[in-house]
Amino acid sequence: MASLEELRATRLEKLNLLKSKGLNPYPAGTARDHSVIDVISDFDALTASGKELTLAGRVLSLRPQGAITFFNVYDGTGKFQGLLKKGEKVSDADFDLFETTVDIGDFVEITGTLFVTKRGEKTLQVSGWKMLTKSLRPLPEKWHGLQDEDEKFRRRYLDILFNEEVRDMFVKRSKFWSSMRDFLVKKGFMEVETPVLENTAGGADAKPFVTHHNALDMDVFLRISPELWLKRLMVAGFPKVFEIGRIFRNEGMDPEHAQDYSQMEFYWAYTDFNHGMEVVKEMYRYIAQETFGTQKFTIKGFEVDLEKEWEVYDYTKTILEKTGVDISKATFEEIVEKLKTLKVEFDTKGFNLTRAIDTLWKYCRKQMGGPGFLINVPVFMEPLAKRSEKNPELVERFQVILAGSEMGKGFSELNDPIDQAGRFADQTKLREAGDEEAQMYDYDFVEALEYGMPPTCGFGVSERLFSFLMNKPVRECQLFPLMKPKK
């Protein structure tokens with residue numbers, strides 16, 4: 001079998017042959033006047049007209065049979081068969097040039113008339129052809145393609161080209177975001193864009209990426225959430241806003257987490273978390289139907305039906321039921337001992353009571369299929385949510401629970417500037433004690449709150465929801481996940 005270098009050298013010879021005949025192997029445009037899908041849809045009418053038409057696409061198969069050659073082209077909308085007959089509609093010279101220079105993987109333009117072969121194949125009999133792009137590397141073998149996961153991610157374009165399931169997944173991903181956008185716009189939300197570079201990384205518990213801004217000669221952070229910017233727009237008087245954009249978190253990688261990913265957040269003035277839960281439930285059902293055409297999913301061993309009545313889980317009660325620990329009374333040491341008994345691994349760096357309780361909760365969460373909402377979270381677990389009027393030790397926060405994971409979070413937003421300043425101060429103490437995920441003190445945001453923000457419900461969900469509905473790891477559902485460069 002020829003090596004890649006030998007195959008590439010052969011294709012370079014063909015490239016030079018085309019050039020020697022005064023032909024441009026990489027022209028800027030094409031005379032294509034129909035897409036494949038249009039030809040397939042209107043085949044009978046186009047055939048009856050007898051008129052020539054022009055297609056263009058990548059050659060995916062070549063079947064030379066002496067003086068005739070069958071081949072298939074693919075233009076992204078579909079595949080179509082072409083036929084060259086030596087000396088019939090196409091000259092001997094043009095036929096020989098096609099045979100000599102065209103390889104699987106090349107892009108060609110073909111002109112001709114439509115007919116149906118004896119085997120019933122819809123076909124274009126070619127009267128003229130043109131090279132549009134001469135490929136220099138052979139495509140992977142059709143039926144085996146890229147087998148190595150690392151190579152699939154590095155050459156995702158080939159994975160998509162040969163794997164219809166992967167292509168369909170990314171079509172669904174596009175529908176996922178467009179349906180979410182469509183839902184929110186219909187609900188009266190205005191789409192906005194907020195900064196990605198920040199002086200202070202806020203809006204979530206996460207370690208940010210740091211970069212340097214040369215023009216201003218200062219270090220800045222890639223945002224970990226657009227939350228604090230979007231809430232400033234509540235101060236500005238917009239009643240309903242949302243943003244879909246990239247966020248960045250310099251944390252570990254696992255099947256559920258990536259370091260840069262897309263997230264949607266909405267903020268809705270003059271309402272609270274109770275209304276938020278209702279609209280989120282409606283939105284998830286809408287997205288599922290528009291994207292997948294169903295409300296029922298198998299995810300990580302759980303059977304999930306979004307159409308059924310959603311559960312409501314109490315944070316403290318759920319932990320008590322599943323572990324026997326009452327987090328309102330237990331000490332840090334007692335929770336750590338319980339985690340060890342349950343054989344739950346955790347990072348001791350910056351580990352504190354808040355992180356210990358959160359780790360214990362995550363142990364419980366993995367056993368819960370949902371769909372449902374987690375509520376009644378202690379105030380020290382959430383620095384940006386409004387306290388409950390019924391119990392000031394709890395916050396009005398809700399999280400979507402789906403197949404053992406958290407799949408979106410929202411709350412009645414904290415709009416008391418004094419309370420917010422105090423919670424930022426508490427977070428600062430945690431950072432000083434070594435907790436790199438504790439939130440930074442955002443003085444500008446506190447100042448904005450002092451001008452007044454109306455009662456507001458906010459909610460955010462990331463592309464992880466899509467990966468869960470696909471029942472695949474999050475990196476597999478990204479077009480081009482970040483990879484280490486080859487050495």
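**Exercise 1. Confidence**

What pLDDT does the protein average, and what share of the residues score at least 70? Find also which element has the lowest mean value and which the highest.

*Solution.* Bear in mind that this is a predicted model. Start with the whole protein: the average pLDDT is 92, and 99% of the residues score at least 70. Then go element by element. Helix α5 (residues 149-154) has the lowest mean pLDDT, 84. At the other end of the scale, strand β7 (residues 190-191) has the highest, 98.

**Exercise 2. A sheet of three strands**

Work out the strand order of the open sheet that contains β8, β9 and β10, and describe the hairpin of β9 and β10.

*Solution.* Step one is the order: the strands run β8-β10-β9, and their pairing is antiparallel. Step two is the edges. β8 (197-198) and β9 (210-213) each pair on one side only, which makes them the edge strands.

Step three is to look at one pair closely. β9 pairs with β10 (residues 218-222) over four bridges in the antiparallel sense. As for the partners, Thr 211 is bridged to Val 220 of β10, and His 213 is found opposite Met 218 of β10.

Step four is the turn. Four residues lie between the two strands of this hairpin, and Asp 217 has a positive phi near 50°.

**Exercise 3. Helix α13 from end to end**

Check the span of helix α13 (residues 417-432) against the expected value, then examine its two ends and its surroundings.

*Solution.* First, the arithmetic. The rule is 1.5 Å times one less than the number of residues. Because α13 has 16 residues, the expected span is 22 Å, and the end C-alpha atoms are indeed 22 Å apart.

Next, the start of the helix: a side-chain oxygen of Asp 416 comes to within 3.0 Å of the backbone nitrogen of Ile 418. Just past the other end, Gly 434 has a positive phi of about 115°.

Last, the buried side. Asp 419, Gln 420, Ala 421, Arg 423, Phe 424 and Gln 427 of α13 are buried. The cover over the buried residues of α13 includes α8 (227-236), β18 (394-395) and α14 (443-450).

**Exercise 4. Two strand residues**

Decide whether Phe 297 is buried or exposed, do likewise for Ser 405, and list what each one touches.

*Solution.* Begin with Phe 297, which belongs to strand β13 (residues 296-299). The cut-off for buried is under 20% relative accessible area. Phe 297 has 7%, so it counts as buried. Beyond residues up to four places away in sequence, Phe 297 touches Ala 288, Phe 292, Phe 302, Glu 303, Val 304, Leu 306 and Leu 469. For a sense of distance, the C-alpha atoms of Phe 297 and Glu 198 are 38 Å apart, with their positions 99 residues apart along the chain.

Now take Ser 405 in strand β20 (residues 405-412). Its relative accessible area is 1%, so Ser 405 is buried. With neighbours within four places set aside, Ser 405 contacts Glu 256, Arg 365, Val 400, Arg 464 and Phe 468. With Arg 464 there is a polar contact between the side chains, at 2.8 Å.

**Exercise 5. Cysteines**

How many disulfides are there? Consider also the accessibility of Cys 364 and Cys 457.

*Solution.* Apply the cut-off of 2.5 Å between cysteine sulfur atoms: the count is zero disulfides. Then turn to accessibility. Cys 364 is at 0% and therefore counts as buried. Cys 457, with a relative accessible area of 0%, is buried too.

Methods
Residues are numbered from 1 along each chain as its sequence is written. This is a predicted model: local features need pLDDT of at least 70, side-chain atom pairs count only at pLDDT 80 or more; totals for chains, interfaces and linings use all residues. Side-chain values use heavy atoms; hydrogens and water are left out. Two strands pair if DSSP finds at least two bridges between them. Buried means under 20% relative accessible area, exposed over 50%, partly exposed in between (1.4 Å probe, protein chains only). Contact means heavy atoms within 4.5 Å. A polar contact is a pair of N or O atoms within 3.5 Å; within protein, one must be able to donate a hydrogen and the other to accept it, and residues adjacent in sequence count only if both atoms are side-chain atoms. pLDDT is the predictor's confidence in each residue, from 0 to 100.
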